[in-house]
Protein chains: 2
Amino acid sequence: MPHPKVEPLRINYKTLEEFQKFSEYGLPELSMLEDLQSNIIENNSNSPFYGIYQDDQLIARISLYRVDAKYDVYFSPAQDYYECWKLEVLPQYRNQGLGSALVSYAKKLGLPIKTNARRRSDPFWRQMGFQPVRYNPVRDRGESPYVWLPPGVQLKD
Amino acid sequence: MPHPKVEPLRINYKTLEEFQKFSEYGLPELSMLEDLQSNIIENNSNSPFYGIYQDDQLIARISLYRVDAKYDVYFSPAQDYYECWKLEVLPQYRNQGLGSALVSYAKKLGLPIKTNARRRSDPFWRQMGFQPVRYNPVRDRGESPYVWLPPGVQLKD
């Protein structure tokens, strides 16, 4: 897949069914399902997820949650940023650049990005232009935060 | 291993070398190593980790980070609690009750516990007496928080 198309995912029953294929499936997904079932959110509402489809199947996804500047403890000046979670490519579609395509898409949104580099994924994040923060136990609480800084943005420390 | 012995882990070069066998190894571990190397912390300092040894090798670990009551957003009344991360049993020692032994140890410390039920581990946490919180996107930010409540403690919501 030379130029995978990344698209925002709408919250509907099809999307939530596709999410079940991913190993990270928990309270956030269940909560979306319940909100949809009880009409708290409308069908095809916006979600914080973006994904790549192949043959009408969701094969890779990323969650980009916009954190308000008032909660920013990472960047200087303090500003809105994206917290990136649940970057996951289904096993049979790995090593084709889909994860990179999702992260490149996120960077084009123009805000700083913070992620938690789990399970020894540091080399991937470095390759994508991310850098580790200086670990602060009270703030970072066991995470391995890696950040991407757009021009003009610095780390807070 | 019918009665695995759980013990607090001290921060020293041997412990930090053993940590490298675990799939969750990131900035918190690297930061401990750097602090040890630069004498910011002493050899054999306390760590937030507890573990199980077999034949002098660390085969399972858990991190229990004590969060101060002033940061508590989960429990009522607000109080100190343990945030549980990095529960991990090395692959060849799984399905022998070592994970349960670590969590049982944590519960005996007497404070509420909060964890993030990752990778579809919900059934394990339920079996250990944990319950899901009501998902709050701003507070929980993509996590699947499960909590264990000692007698007299309730969920905040």
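**A buried leucine, a seven-stranded sheet and a two-fold pair**

L64(B) sits in strand β3 of chain B, which spans residues 57-67. The coordinates described here come from a predicted model, and this leucine is a convenient place to begin the tour. With a relative accessibility of 3%, L64(B) falls under the 20% limit and is therefore counted as buried. What does L64(B) touch, once its neighbours within four places in sequence are left aside? Its contacts are P48(B), Y50(B), Y82(B), E83(B), C84(B), A106(B) and L109(B). The C-alpha atoms of L64(B) and F49(B) lie 6.2 Å apart, although 15 residues separate the two in sequence.

The strands of chain A offer a wider view. Seven of them form an open sheet with mixed pairing, in the order β1-β2-β3-β5-β6-β8-β7. Its edges are β1 (6-11) and β7, each of which pairs on one side only. Within this sheet, β3(A) and β5(A) run antiparallel and are joined by 7 bridges; A60(A) is found opposite V89(A) of β5(A).

Towards the β7 end of that order comes β8(A), covering residues 145-148. Strand β6 of chain A (residues 113-116) pairs with β8(A) in the antiparallel sense, over 4 bridges, and N116(A) has P145(A) as its bridge partner. Strand β7 of chain A (residues 131-132) is also antiparallel to β8(A), here through 2 bridges, with P132(A) partnered by Y146(A). Are the faces of β8(A) covered or uncovered? Both are covered: P145(A) and V147(A) are buried on one side, and Y146(A) and W148(A) are buried on the other. P145(A) and Y146(A) thus appear twice in this account, as bridge partners of N116(A) and P132(A) and as buried residues of the strand.

Several backbone details deserve a friendly pointer for anyone inspecting torsions. In chain A, the peptide bond between S76(A) and P77(A) is cis, with omega near -5 degrees, and P77(A) belongs to the loop that links β4 (75-76) to β5 (81-89). In chain B, the bond from S76(B) to P77(B) is likewise cis, again with omega near -5 degrees; P77(B) is placed in the loop between β4 (75-76) and β5 (81-89) of its chain.

Positive phi values in residues other than glycine can be found in both chains. D55(A), in the loop between β2 (45-54) and β3 (57-67) of chain A, has a phi near 50 degrees. Is D55(A) buried or exposed? Its relative accessibility is 67%, so D55(A) counts as exposed. N95(B) has a positive phi of about 60 degrees and is found in the loop between β5 and α3 (98-108) of chain B. A relative accessible area of 83% makes N95(B) exposed as well.

Another positive phi, of about 60 degrees, occurs at N39(B), just after helix α2 of chain B. That helix covers residues 27-37, and its buried residues are L27(B), P28(B), E29(B), S31(B), M32(B) and L36(B). An α-helix has 3.6 residues a turn, so residues three or four places apart point the same way. Among the buried residues of α2(B), L27(B) and S31(B) are one such pair, as are P28(B) and M32(B).

The corresponding helix label in chain A leads to a pocket. The second largest pocket holds about 570 Å³ of space and has a lining of 28 residues, with P28(A), S31(A), M32(A), D35(A) and Y135(B) nearest its centre. Elements contributing two or more residues to this lining are α2 (27-37), β2, β3 and β5 of chain A, along with α4 (122-127) of chain B. Which element gives the largest share of the lining? It is α2(A), with 7 residues. By residue type, the lining is made up of 15 nonpolar, 7 polar and 6 charged residues.

Finally, the two chains can be compared as whole copies. A turn of 180 degrees, with a shift of 0.0 Å along the axis, lays chain A on chain B with an RMSD of 0.0 Å. This is the relation of a two-fold axis. Which residue of chain A comes closest to the rotation axis? R118(A) does, its C-alpha lying at 5.7 Å. The interface residues of chain A are also interface residues in chain B in 100% of cases, so the copies meet through the same surface.

Definitions and conventions. Residues numbered from 1 in each chain as written. Chains lettered and ligands numbered in written order. Predicted model: local features only at pLDDT ≥ 70, side-chain atom pairs only at ≥ 80, totals over all residues. Heavy atoms only, no water. Buried < 20%, exposed > 50% of the residue type's maximum accessible area, 1.4 Å probe, protein only. Pairing = 2+ DSSP bridges. Least-squares fit on C-alpha atoms with pLDDT ≥ 70 in both. Contact = heavy atoms within 4.5 Å. 1 Å grid on protein atoms, 1.4 Å probe; cavity = no way out; pocket = protein on both sides within 12 Å on 5 of 7 lines; lining within 4 Å. Points joined across faces, edges and corners; volume = space filled by probe spheres on them. Nonpolar A, V, L, I, M, F, W, Y, C, P; charged D, E, K, R; others polar.
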